[in-house]
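I opened this notebook to record a reading of one structure, item by item. Each entry states what I looked up and what I found.

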Amino acid sequence: GHLRLAAGSEAGSGAWGQYRRDCLNAWPVLPAIGHACNDRAMIKTLTFLGLESSCDDTAAAVVRLVDGRAQILSSVVEGQTVLHAAFGGVVPEIAARAHAEKLDLCVELALDQAGVGLSGIDGVAVTAGPGLIGGVLSGVMCAKAIAAARGLPLIGVNHLAGHALTPRLTDGLTFPYLMLLVSGGHCQFLTVRGADDFSRLGGTIDDAPGEAFDKTAKLLGLGQPGGPLVEVAARKGDPRRFAFPRPLLDRPGCDMSFSGLKTALLRARDGLVAAQGGLTEPDRADLCAGFQAAVAAVLAEKSRRAIEVYLAENPDAPAFAVAGGVAANQAIGAALADLCDRAGLRFLAPPLSLCTDNAAMIAWAGIELFQLGRRDDMTLAARPRWPLDQTAPAMLGSGKKGAKA
Ligand code: KG4
Ligand code: ZN
């Protein structure tokens with residue numbers, strides 16, 4: 001390992017002494033002896049280290065809360081695209097190994113870029129699921145080691161909560177709000193009432209849209225990850241040339257399906273190949289444009305319904321936020337922004353680097369949960385599945401990017 005965990009020579013009396021010292025360092029007002037370190041009223045600043053390793057990005061970040069506002073001091077993301085390129089998808093064992101190799105380097109870089117040492121950190125937050133179990137384990141083990149060696153509080157964060165709380169990190173959005181979480185492994189509408197209070201209004205019953213984008217890219221020989229490449233190709237295409245289906249629009253509610261879209265694309269591609277012996281650039285562009293238009297139309301119509309349900313319950317909090325890698329798609333973003341405009345909702349989409357997987361969102365979620373009094377210990381487990389809304393019925397399907405929650 002490259003990370004030096006040992007406390008400085010002045011550290012003295014073991015983990016508990018270090019824990020108290022770190023707490024005191026974070027307190028502009030020194031608590032009287034006997035006061036709990038987690039007395040919420042006394043918190044002025046909190047600085048958290050976040051770790052993320054649930055899929056194919058190894059990430060570490062330092063986020064600070066100052067007077068109620070978040071500051072991202074650093075956010076390091078080490079992608080693994082090249083390692084998986086030859087396999088056409090994320091290989092869990094390769095991912096886990098790469099995370100184990102890169103995590104401590106990412107942590108060191110994040111601390112350096114933030115200009116803080118471990119002694120400036122008040123807590124460690126780590127993605128504890130859902131995701132590819134080997135990668136999640138790598139992160140959880142790394143976080144436990146840091147927390148134990150430095151006597152720091154440890155918080156296990158749900159990866160989806162990290163995405164879902166991102167508009168609070170970027171814009172200080174207040175609860176409640178409606179969230180569309182749309183990524184490579186997930187697609188769901190959530191009413192977000194608190195950092196630990198989510199209800200699911202609907203979601204995909206099979207593939208996630210990001211997965212469908214990735215498969216589309218694969219079928220058209222565009223490379224991975226597919227989302228950005230399909231989006232670029234679609235810009236030059238005619239979305240009306242191929243009539244792709246709009247799955248589940250004929251059914252009430254906010255549930256979605258994207259696997260049929262992939263099959264339709266495969267048929268259209270094979271039809272062209274059979275008729276003309278291959279695909280031209282314009283063919284590819286038209287297929288991408290048609291596919292993207294279908295995804296955007298489904299997301300927009302299902303969002304319209306989710307907004308209706310949400311506003312009926314929360315008429316005084318008209319805000320709709322998106323998060324997850326697919327939220328980076330400009331055509332989809334524009335369709336949703338337009339929808340919110342017409343429905344009178346504030347629309348929030350995080351910047352690109354905070355749409356895709358990162359550790360700043362994990363550090364931030366850790367800060368939020370810490371403020372609610374959440375603490376984990378060395379028994380914190382890595383979870384392949386971890387639904388945000390424990391009361392909603394389990395969702396179907398299991399994508400290549402890990403089990404859906
Ligand atoms: O949130 P994320 O980084 O990881 C998951 O938790 O899944 O999302 C990655 C997914 C990939 O499937 C990628 O193809 C998709 O987000 N994506 C996009 C775009 N950028 C990334 N999909 C459509 N358009 C984009 N511009
Ligand atoms: Zn994600």
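The entries below cover a metal site, one serine and two sheets.

**Entry 1. Status of the model.** I note at the outset that this is a predicted model.

**Entry 2. The zinc site.** I asked which protein atoms serve as donors of the zinc ion (ligand 2). I found His159 through NE2, His163 through NE2 and Asp357 through OD, at 2.0 to 2.2 Å from the ion. I then looked up the angles at the zinc ion (ligand 2): its four donor atoms subtend 93 to 147°. A tetrahedral assignment would require all angles to lie between 85 and 135 degrees. The arrangement is therefore entered as irregular.

**Entry 3. Spacing of the donor residues.** Along the sequence I read the pattern of the zinc donors as H-x3-H-x193-D. I placed His159 in helix 5 (residues 159-164), and Asp357 in the loop between helix 12 (352-355) and helix 13 (360-371). The pair therefore ties together parts that are 198 residues apart in sequence.

**Entry 4. Burial of two donors.** Are His159 and Asp357 buried or exposed? I recorded a relative accessible area of 4% for His159, which is buried. For Asp357 the value is 15%, and this residue also counts as buried, because the limit for that class is under 20%.

**Entry 5. Surroundings of Ser53.** I located Ser53 in the loop between strand 1 (45-52) and strand 2 (57-66). Its relative accessible area is 1%, so I entered Ser53 as buried. What lies around Ser53, leaving aside its neighbours within four places in sequence? I listed contacts with His99, Leu103, Gly135, Val136, Ser138 and Gly139. Two of these residues also offer backbone atoms to the polar part of the serine side chain. The backbone oxygen of Gly135 is 2.7 Å from a polar atom of the Ser53 side chain, and the backbone nitrogen of Gly139 is 3.3 Å from a polar atom of that side chain.

**Entry 6. The sheet with strand 1.** I traced an open sheet of five strands in the order 3-2-1-4-5, with mixed pairing. Strand 3 (69-79) and strand 5 (154-158) are its edge strands, each pairing on one side only. Neighbouring strands are turned by 20° against each other on average, direction ignored. Strand 4 (residues 123-129) runs parallel to strand 5, and I found five bridges joining them. Gly129 stands opposite Asn158 of strand 5.

**Entry 7. Helices across that sheet.** I looked up helix 3 (residues 92-114), which lies across strand 1, strand 2 and strand 3 and runs at about 30° to strand 2. Helix 13 lies across strand 1, strand 2, strand 3, strand 4 and strand 5, at about 130° to strand 1.

**Entry 8. The sheet with strand 6.** A further open sheet of five strands has the order 8-7-6-9-10, again with mixed pairing. Strand 8 (197-203) and strand 10 (346-348) each have a single partner strand, so one side of each is left without a neighbour in the sheet. The twist averages 25° from one strand to the next. I found six bridges between strand 6 (residues 177-182) and strand 7 (residues 187-194), which run antiparallel. Leu180 stands opposite Phe189 in strand 7. Helix 11 (residues 330-343) packs on this sheet and touches strand 6, strand 9 (319-323) and strand 10. I entered an angle of about 160° between the directions of helix 11 and strand 10.

Conventions:
Residues numbered from 1 in each chain as written. Chains lettered and ligands numbered in written order. Predicted model: local features only at pLDDT ≥ 70, side-chain atom pairs only at ≥ 80, totals over all residues. Heavy atoms only, no water. Donors = N, O, S within 2.8 Å, 3.2 Å for Na, K, Ca; no water. Tetrahedral: all angles 85-135°; square planar, octahedral: opposite > 155°, others 65-115°. Helix = DSSP H or I, 4+ residues; strand = E, 2+ residues; numbered from the N terminus. Buried < 20%, exposed > 50% of the residue type's maximum accessible area, 1.4 Å probe, protein only. Polar contact = N/O pair within 3.5 Å; in protein donor to acceptor, adjacent residues only side chain to side chain. Contact = heavy atoms within 4.5 Å. Pairing = 2+ DSSP bridges. Axes fitted to C-alpha atoms, helices over the stretch in contact; angles between N-to-C directions.
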